[in-house]
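Welcome! Below are the sequence and the 3D view, followed by a short walk through a few backbone details and one pocket.

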Amino acid sequence: QWAKLGASQEVILHDIALEREPAELVFPPSIDVKEFQSRIPAKLLILSYFNSDRDLYGFAIAKDVFATWKVDAPTKLKADILELFRKTGLRDRTLPLESKDLHDESWRTLARKILPSLTNHTKPEAWDSYDEVVVVPDGPLWYLPFEMLIPGDEKDALPLLQRVRVRYVPTVSLAIPDRRPIRDAKKTAAVAGRLHPREEAAVTGDAVEQLSQVVPNV
């Protein structure tokens, strides 16, 4: 019965995925690169990455910058990221985090090493030109906290967290606000049922009824 039900669900999902249902809003936004670049704030830098089977590519986009590069030795980079985690106490879920791990600053050496390889060996002083960095990760970089990476080799060099604001987005087009007007939804779907087993089904049924009186086309 479970297999039969699962097969029926797959058929429904297949129909939903392939149905030619027009969408009122394309998301993420489809952008023109030149027009998008003209809207980037003056002190904002976008670092976007593309991870293929063998290589890792980087893209730097700012108001007056568009650069691409191939990241050196991506396999070694992944190993360095794992070692960075170990240096900060993230070794094994069953091992306790000891006080010596909190005082250990050997991770800083790796943090200085990783950043240049991900930014086409950008000079440390170049970060002073930006107030905010938006990262579009891919592959293993989804697990890397860019905030703790350190520009420069000086012993007292500050990590990115103390130099610029850092945030993450899944696609480049979401790095800056979407200017498209948001239309009111023409239809609203409401699923009436128990939110938890002990609740009466009438509770959500009444809520849907009230919603229908306020919002059209429920």
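Asn120 counts as partly exposed because its relative accessibility is 42%, and the partly exposed class runs between the 20% and 50% limits. This is a predicted model. Asn120 sits in the loop that joins α5 (107-118) to β4 (132-136). Its backbone deserves a look too: the phi angle of Asn120 is near 60°, a positive value in a residue other than glycine.

His121 is also found in the loop between α5 and β4. Although His121 is not a glycine, its phi is positive, at about 55°. Is His121 buried or exposed? With a relative accessible area of 51%, His121 is exposed, because exposed means over 50%.

Here are the two residues side by side:

| Residue | Phi | Relative accessible area |
|---|---|---|
| Asn120 | near 60° | 42% |
| His121 | about 55° | 51% |

Another backbone detail lies in the loop between α1 (2-18) and α2 (33-38), the place of Pro28. The peptide bond leading from Phe27 to Pro28 is cis, and its omega is near -5°.

Now for some empty space. The second largest pocket holds about 210 Å³. Its lining is made up of 13 residues, and those nearest the centre are Leu45, Ala60, Thr119, Thr122 and Tyr130. Two or more lining residues come from each of β1 (44-51) and β3 (65-70). Which element gives the most to this lining? That is β3, with three residues. As for character, the lining of the second largest pocket has nine nonpolar residues, four polar ones and no charged ones.

Terms used: Residues numbered from 1 in each chain as written. Predicted model: local features only at pLDDT ≥ 70, side-chain atom pairs only at ≥ 80, totals over all residues. Heavy atoms only, no water. Helix = DSSP H or I, 4+ residues; strand = E, 2+ residues; numbered from the N terminus. Buried < 20%, exposed > 50% of the residue type's maximum accessible area, 1.4 Å probe, protein only. 1 Å grid on protein atoms, 1.4 Å probe; cavity = no way out; pocket = protein on both sides within 12 Å on 5 of 7 lines; lining within 4 Å. Points joined across faces, edges and corners; volume = space filled by probe spheres on them. Nonpolar A, V, L, I, M, F, W, Y, C, P; charged D, E, K, R; others polar.
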